[in-house]
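Student: I would like a close look at one part of this protein. Please show me how neighbouring helices pack, and then how that part compares with other helices in the chain.

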Amino acid sequence: MNRFPRLSAPAFFSSVQRTSGRPALSLLTVLVSLALAACAGVPRPLQAGAADAGTAPQVAASGAAVPGMDAAPMPKVAVAAAAAASGLPAPEEKLDVLLEDNLNPGQKVDLDAPKTHADLWSRVRAGMAMPELDNDLVRKAEDWYSTRPDYVARMTGRGSLYLYHVVEEVEKRGMPMELALLPFVESAFRADAQSNAKAVGMWQFMPATGRDFDLKQNIFRDDRRDVLASTRAALDYLQRLNKMFDGDWQLALAAYNWGQGNVSRAVARNQKLGLPADYDNIRMPDETRYYLPKLQAIKNIVMHPETFGLELPAVENHPYFLSVNIDRDIDVSLAAQLAALDEETFRQFNPQMNKPVILAASSGQILLPYDNASTFVANLEKHRGPLATWTAWVVPRTMKPADAARQVGMSETGLREINRIPARMLVKQGSTLLVPRNASRDKDVSEHLADNASIMFAPDVPPLRRVTLKAGRGDTVATVARRYRLGTTQVAQWNRVSTKASFKPGQAVVVYLRENQAVLADNSTASAGTNSGANSAANSRSKGAGKSARPTATRTPTKVAAKGPRSTSTSNSNSKATGARVASSRNGGGTVASTKTTTASSLR
């Protein structure tokens, strides 16, 4: 038996912190060379592939050279000399460290243990402990999966990358092993999955629930997609639900899908009516009713795949990936290159990254397959030059994207694209943007920004002016909003009333209009802040004054015609841009009391 098979790849990397001089990594390079030599000839499995393909491209062997790296690995004589010069123990004395399972720090892997060579599916089958379901919905789900063997192959192929970790965590907590299959139901084990309801990751966390379980979500990362963090959070949540429902895993799973409040109310409703309050008897949506049968169907397939004409991929009973510490920001593209992986495969192991740079202050580690972890560490030690070409910049004032782009030295299109800035939006003061590094901005992103960075927008619209009117008889929030082509919610907020409120005749009514929005007066056009037209109209129409501040208007693309005393106005040259012609100043009994220019952002 080879004393150092592939299982012995360097879990040691996960516990090493690199300093600026990286003395520990010099030793690691030595250890890597020895470990790789010992592992030579051991067959390597396929690496993770694209979700649609179901299989994966072969990745470069751990000894593969990366463009721009130094050439050959260190000869064995040089290895021994380097170890002696360092004053550290000989590499052979450290080889047992390489056999440490990084998912269970401090525990050594027994290479002769039978479980090391067992199929992980056998371990999953042995841990099943939930009550069985046997109904028509289970049959329906079994038929669905069994008639889609290609889908099952892709799903289980993806799951094989992460399944060992999930099984380990479920087993540590003494939970039923059916829960390790739950990502098959939730996301088909896609770590980058996103539902229409904004649930994300292989465990499908909603934003608020994710935050409740300390899954960070900001412009740099979304921990709901992080394999390790989301698994920890999901099992924490399931344990809480199980306790809430007195150990009933079926109700706990229904609550995971439908929400704990909904299930609690459904249980309470049945209890109040004297009815059974278990999973089979409470009322729930069809989606939730079908949720457990799908899990049961997958369980049945795992237990007896041959019965359904399906084949499960062999999954080794040891970790597929290592967590490798990083202490500097590094571009995703460079990290993938150093690991001898294509970027798509690299992101499959690190799907939580929202930007093209990995922040040491927030992530602190990356996940890599065993062989690629050793490649990454060795090549990182050899790398000369910058690791990251991006950094964070806090916007000093509310700015147009074009102005921000000029200030940071990049194109507006590039700035908008990498920071996902929508059209016709300003970037508000205090927002964090990802920008290129330069001589004045060459620092790694701080921990505070890495954890709390956000981006805020404001509509890029002309300044608004405050116009105060006197309400006429019958005026309501709705009629004022309709007359000025505004939202009822806006008018209600400006006047601190409900959306269904009515105004008393003569009551002051506040609206905000665009600076270039025409204000219509009787028999004349009144400009912003000018009341002479309104006053003249009031004098000529005193008899009709006081009936209503609202004219019954028929709008055309070019004018507004008011009934009663006739008054029309042609829109100004910017009417197409503003999209509104308004009757104000004085219509019926309404008069403009005052105007004031206000910026759009001040109304928020």
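Tutor: What follows starts with one group of helices and then moves along the chain.

This is a predicted model. The protein has 604 residues, and 51% of them count as buried. Its secondary structure comes to 22 helices and 16 strands. Take the contacts with a separation of 6 or more. Residues 24 or more positions apart account for 72% of them.

Now the close look. Two packed helices are described by the angle between their axes and the distance between the axes. Start with H8, residues 227–244, and H9, residues 249–258. Their axes lie 8 Å apart, and the packing angle is about 125 degrees. An angle from 65 to 115 degrees would count as roughly perpendicular, and one over 145 as roughly antiparallel. The angle here falls in neither range, so H8 is oblique to H9. The crossing of H8 past H9 is right-handed.

Which residues make this contact? From H8 come Ala234, Tyr237, Leu238, Leu241 and Asn242. From H9 come Trp249, Ala252, Leu253, Ala255 and Tyr256. By class, 9 of the residues in this contact are nonpolar and 1 is polar. None is charged.

Look next at the loop between H8 and H9. Asp246 lies there. Its relative accessible area is 75%. Exposed means over 50%, so Asp246 counts as exposed. Check its backbone too. Most residues other than glycine have a negative phi. Asp246 is not a glycine, yet its phi is positive, at about 55 degrees.

H9 has another partner. That is H12, residues 291–303. The axes of H9 and H12 come within 9 Å and cross at roughly 115 degrees. That makes H9 roughly perpendicular to H12. On the H9 side, Gln250, Leu253, Ala254, Tyr256 and Asn257 take part. On the H12 side, the residues are Tyr291, Leu292 and Leu295. By class, this contact has 6 nonpolar and 2 polar residues, with no charged ones. Leu253 and Tyr256 of H9 meet H12, and they also meet H8.

H12 leads us to H4. The buried residues of H4 pack against H12 and against H5, residues 149–172. H4 itself covers residues 136–146. Its buried residues are Val138, Ala141, Glu142 and Tyr145. Look down the axis of H4: these residues fall within an arc of 100 degrees, so they line one face of the helix. On the other side of H4, Asp136 and Lys140 are exposed.

That completes the close look, so compare H16 further along.

H16 covers residues 401–408. Pro401, Ala404, Ala405 and Val408 are buried in it. Seen down the axis of H16, they fall within an arc of 100 degrees, so they too line one face of their helix. What covers them? The cover includes helix H17 (412–419) and three strands: S5 (390–394), S6 (425–427) and S7 (432–436). After H16 comes Gly409. Its phi is positive, near 80 degrees.

H20 covers residues 488–495. Its buried residues are Val491, Ala492, Trp494 and Asn495. Down the axis of H20, they fall within an arc of 165 degrees, so they line one face of the helix. They pack against helix H19 (477–483) and strand S10 (508–514). Arg496 follows H20. It is found in the loop between H20 and S10. Its phi is positive, near 55 degrees, and it is a residue other than glycine. Arg496 is exposed, with a relative accessible area of 78%.

One last stop is Tyr370, which lies in helix H15, residues 370–382. Its relative accessibility is 2%. Buried means under 20%, so Tyr370 counts as buried. Tyr320 is 50 residues away from Tyr370 along the chain. Even so, the C-alpha atoms of the two are separated by 6.6 Å.

Now go back to the part you asked about. H9 meets H8 through residues that include Leu253 and Tyr256. H9 also meets H12, and the buried residues of H4 pack against H12 in turn. Trace those helices in the structure in that order.

Key:
Residues are numbered from 1 along each chain as its sequence is written. This is a predicted model: local features need pLDDT of at least 70, side-chain atom pairs count only at pLDDT 80 or more; totals for chains, interfaces and linings use all residues. Side-chain values use heavy atoms; hydrogens and water are left out. Buried means under 20% relative accessible area, exposed over 50%, partly exposed in between (1.4 Å probe, protein chains only). Helices (H or I, at least four residues) and strands (E, at least two) are DSSP runs, numbered from the N terminus. The arc is that of the directions from the helix axis to the C-beta atoms. Contact means heavy atoms within 4.5 Å. Axes are lines fitted to C-alpha atoms, for helices over the stretch in contact, and angles run from 0 to 180 degrees between N-to-C directions. Angles under 35 degrees count as roughly parallel, over 145 as roughly antiparallel, 65 to 115 as roughly perpendicular and the rest as oblique. A crossing is left-handed if the near helix is turned anticlockwise from the far one by less than a right angle, and right-handed if clockwise. Ala, Val, Leu, Ile, Met, Phe, Trp, Tyr, Cys and Pro count as nonpolar, Asp, Glu, Lys and Arg as charged, and the others, Gly among them, as polar.
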